[in-house]
Amino acid sequence: EGDARARAYEGSYRRDLAGGQADLRLSHEHGALGYNMSYAHDLGEALPVDSAAQVGVDEDGVYTRLTFGRTLGRGLAARYEALARLGFGGEAQRHFRQAVRLSNKLGHAELTHGGGVGARLRVGYEFSA
């Protein structure tokens, strides 16, 4: 994919690998090379909850995402997500964020922490229009 006038190009390749999925994306825009290589794997067979892991590297650094979810019964579900990133270079920054979410057919409550911000609680509701 690309635009010869804007000199922007992008290519990608994805394939199944060792029970997960490998993904490679390359781009060139405004004279800068961009890339993203990642591997995602469902961990549901190894753990008794719905779970997945992703690791990757791009031009900004390395990153990972872990998710875990479970139905608790009576329409209540819980989900946990952790995101981490470590930047490259002398001024490399580290970021970590985590969230726990409880939801049912009426709404949800989500507690998040990280990203340089203290703990935050968000509450929402569901409705059909």
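A residue counts as buried when its relative accessible area is under 20%, as exposed when that area is over 50%, and as partly exposed in between. E110 comes out at 11%, so this glutamate is buried. That holds for a predicted model, which is what the whole passage deals with.

E110 is a handy place to start looking around. This glutamate belongs to strand β9, which runs over residues 107-114. Once the neighbours within four places in sequence are set aside, E110 touches A99, V100 and R101, along with R120, L121 and R122. One of these contacts, R101, is also a salt-bridge partner: the closest N and O atoms of R101 and E110 are 3.8 Å apart. The two ends of that bridge differ in cover, since R101 is partly exposed at 27% relative accessibility, whereas E110 is buried at 11%.

R120, another of the contacts of E110, sits in strand β10, residues 117-125. With a relative accessible area of 45%, R120 falls in the partly exposed class, because that class covers whatever lies between the 20% and 50% cut-offs. Seen from the R120 side, and again without the neighbours within four places, the contacts are E110, L111 and T112. For a sense of scale, the C-alpha atoms of R120 and L26 are 36 Å apart, with the two positions 94 residues apart along the chain.

Zooming out, the secondary structure is quickly told: there are ten strands and zero helices. Read in order, the pattern is simply β-β-β-β-β-β-β-β-β-β. The radius of gyration is 19 Å, while the globule rule gives 14 Å for 129 residues; the chain is well over that value and so is more spread out than a compact globule. The C-alpha trace spans about 55 × 40 × 35 Å along its principal axes.

A few chain-wide totals go with that picture. Of the 129 residues, 20% count as buried. Among contacts with a separation of 6 or more, 14% are between residues 24 or more positions apart. The accessible surface amounts to about 9800 Å², and carbon and sulfur atoms account for 54% of it. As for charge, the chain carries 16 positive and 16 negative charges, and the mean positions of the two sets lie 7 Å from each other.

Turning to the ion pairs, the count of salt bridges is eight. One of them pairs the side chains of E81 and R65, at 3.8 Å from N to O. This pair links distant parts of the chain, with E81 in strand β7 (residues 76-87) and R65 in strand β6 (residues 61-73), 16 residues apart. E81 is buried at 15% relative accessibility, because the buried class takes in anything under 20%. R65, by contrast, is partly exposed, with a relative accessible area of 37%.

E81 has a further salt bridge, this time with R79, where the closest N and O atoms are 3.9 Å apart. R79 is partly exposed too, at 42% relative accessibility. For comparison, the bridge already described between R101 and E110 has its closest N and O atoms at 3.8 Å. Through shared partners, salt bridges also tie R65, R79, E81 and R97 into one network.

Two loop residues deserve a look for their backbone angles. A18 has a positive phi of about 50°, although this residue is not a glycine. Its place is the loop between β2 (8-17) and β3 (20-29). A18 is exposed, with a relative accessibility of 66%, since the exposed class begins over 50%.

H30 is the other one. Its phi is near 55°, again a positive value in a residue other than glycine. H30 lies in the loop between β3 and β4, the latter covering residues 32-42. At 70% relative accessibility, H30 counts as exposed.

Key:
Residues numbered from 1 in each chain as written. Predicted model: local features only at pLDDT ≥ 70, side-chain atom pairs only at ≥ 80, totals over all residues. Heavy atoms only, no water. Helix = DSSP H or I, 4+ residues; strand = E, 2+ residues; numbered from the N terminus. Buried < 20%, exposed > 50% of the residue type's maximum accessible area, 1.4 Å probe, protein only. Contact = heavy atoms within 4.5 Å. Rg over C-alpha atoms; globule rule 2.2 N^0.38 Å. Areas by Shrake-Rupley, 256 points an atom, 1.4 Å probe, with all protein chains shown as cover. Lys, Arg positive; Asp, Glu negative; His and termini not counted. Charge placed at Lys NZ, Arg CZ, Asp CG, Glu CD. Salt bridge = Lys/Arg side-chain N within 4 Å of Asp/Glu carboxyl O.
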